[in-house]
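Thank you all for coming. I would like to walk through this structure slowly, for those who have not seen it before, and I will start with single residues before turning to helices and the ligand.

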Amino acid sequence: MCSGFDLQFCSVQTSKSLLAGVQATVKLSAMRSTKDLYLDLMKKCLIGLIYADVEEKPNLQFEPFDEAKRLEGRDWPTYAHTMIGMKRLNNLQFCVEEMLARGVPGDLIETGVWRGGATIFMRAILKAYAVKDRFVWVADSFQGLPTPNSEKYPADAADRHHEFKELAVPLDQVKSNFAKYDLLDDQVRFLEGWFRDTLPNAPVEQLALIRLDGDMYESTMEALVHLYPKLSSGGYLIVDDYGAIPNCRRAVDDYRKTQGISNEIRQIDWTGIYWQRS
Ligand SMILES: C[S@@+](CC[C@H](N)C(=O)[O-])C[C@H]1O[C@@H](n2cnc3c(N)ncnc32)[C@H](O)[C@@H]1O
């Protein structure tokens, strides 16, 4: 506390400590590693925060860029490479970093990649940590969602996702998106086709992380049935649409029930969830 006598001295001290505070902050931000800076910039690029591209709605309708919506992954960007928003990218980073730190064995896969953004980010994290012995598997039809197979999956009977042409992104386009970040290499493997055809015999041996983003009951269930048994103990299962799409949630709940999975479901944001396999 400064008395009247000390006032001048005190204000010099105050500005000195202010300066020290500023210097400490500058030092702290300078201390952020190149790896963190790279991954943060990747996330901003992948969701389109940098150039703020407008929202694309079905049938060529457009809405102005809304930062809050984009951060939460509530819109379909016109150009950005993922629609999952910042919180789900942060969750993906958390899960990959955790499984790397604890040495959980296996590769990474996303089923349902659209323009590839989340898988591009997986590859970026492996690159940032100089991990050379894990693959990123990129599974998609690269032609949108399947028409419902209501005989096998009655829950999908009224599903209309296959009508959205915006969700059909060709394989060449996704490869070229990887290449734009210098991340298209032999650690990235593509599984092209319907999940019911590609996943049962996919040459994937062991997984440390599975990210499901196929929207429909069929797409979620096929991925769980064929991939979950390959998930290592300590590995992560992430579901993008658990909150947003009732059929996706139903498939996950059904699978957990039939397999007796009781690992705690943790919420990421308004729609994403994940759990760690025991
Ligand atoms: C919502 S998008 C995925 C968004 C993406 N994860 C991202 O980061 O923006 C759904 C994707 O799942 C694919 N898909 C859904 N069901 C499928 C199935 N049964 N077989 C193959 N691809 C499927 C679609 O082609 C589409 O690319």
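Lys-57, if we leave out the residues up to four places away in sequence, touches Phe-62 and Glu-63. Please keep in mind from the outset that what we are looking at is a predicted model. Lys-57 is found in strand 1, which covers residues 55-57, and it counts as exposed because it has 12 C-beta neighbours inside 10 Å, where 12 or fewer is the cut-off for that class. Its C-alpha atom is 8.0 Å from that of Asp-75, although the two residues are 18 apart in sequence.

From Lys-57 I would like to move on to a tryptophan, Trp-76, which lies in the loop between helix 3, residues 67-71, and helix 4. Is Trp-76 exposed, partly exposed or buried? It counts as partly exposed, because 16 C-beta neighbours lie inside 10 Å, and a residue needs 20 or more to be called buried. Not counting residues up to four places away in sequence, Trp-76 touches Glu-55, Glu-56, Met-83 and Glu-166. Phe-62, which we met a moment ago as a contact of Lys-57, is 14 residues from Trp-76 along the chain, and the C-alpha atoms of Phe-62 and Trp-76 are separated by 9.8 Å.

Next, a loop that will bring us towards the ligand. Gly-112 is found in the loop between strand 3 and helix 5, and Gly-112 is buried, since 22 other C-beta atoms lie within 10 Å. Which residues is Gly-112 in contact with, leaving aside its neighbours within four places in sequence? They are Asp-140, Leu-212, Asp-213, Gly-214, Asp-215 and Ser-219. Gly-112 and Arg-211 are 99 residues apart in sequence, yet from C-alpha to C-alpha they are 8.5 Å apart in space.

Trp-114 has its place in that loop between strand 3, residues 107-111, and helix 5, and it counts as buried because it has 23 C-beta neighbours inside 10 Å. Its backbone deserves a remark. Most residues other than glycine have a negative phi. Trp-114, however, has a positive phi, near 55 degrees. Asp-215, one of the contacts of Gly-112, also has a positive phi, of about 70 degrees, although it is not a glycine. Asp-215 lies in the loop between strand 6, residues 207-212, and helix 8, and with 21 C-beta neighbours inside 10 Å it counts as buried.

Let me now turn to helix 5 itself. Of its 12 residues, 10 are buried, so that the helix is mostly covered; among the buried ones are Gly-117, Thr-119, Ile-120 and Arg-123. At 1.5 Å a residue, its 12 residues should span 16 Å, and this agrees with the end C-alpha atoms, which are 16 Å apart. Just after helix 5, Ala-130 takes a positive phi of about 55 degrees.

How does helix 5 sit against helix 4? Two packed helices are described by the angle between their axes and the distance between the axes. For helix 4, residues 85-101, and helix 5, the axes come within 10 Å and cross at roughly 35 degrees, and the crossing is right-handed. Helix 4 brings Leu-89, Leu-92, Gln-93 and Val-96 to the contact, while helix 5 brings Ala-118, Phe-121, Met-122 and Ile-125. Sorted by class, the contact has seven nonpolar residues, one polar residue and no charged residues.

That leaves the ligand. There are 24 residues around the ligand, and those that come nearest are Thr-82, Gly-112, Trp-114, Ser-141 and Ser-219, so two of the loop residues we have just discussed, Gly-112 and Trp-114, return here. Helix 5, residues 117-128, and helix 8, residues 217-227, each supply at least two residues of the shell. By class, the shell divides into 12 nonpolar, seven polar and five charged residues.

I will finish with the protein chain as a whole. It has nine helices and nine strands, and of its 278 residues, 39% count as buried. Of the contacts with a separation of 6 or more, 72% are between residues 24 or more positions apart.

Notes:
Residues are numbered from 1 along each chain as its sequence is written. This is a predicted model: local features need pLDDT of at least 70, side-chain atom pairs count only at pLDDT 80 or more; totals for chains, interfaces and linings use all residues. A residue is near a molecule or strand if its C-beta atom, placed from the backbone, lies within 6 Å of it. Helices (H or I, at least four residues) and strands (E, at least two) are DSSP runs, numbered from the N terminus. Ala, Val, Leu, Ile, Met, Phe, Trp, Tyr, Cys and Pro count as nonpolar, Asp, Glu, Lys and Arg as charged, and the others, Gly among them, as polar. Axes are lines fitted to C-alpha atoms, for helices over the stretch in contact, and angles run from 0 to 180 degrees between N-to-C directions. A crossing is left-handed if the near helix is turned anticlockwise from the far one by less than a right angle, and right-handed if clockwise. Two residues are in contact if their C-beta atoms, placed from the backbone, lie within 7 Å. The expected span of a helix is 1.5 Å times one less than its number of residues.
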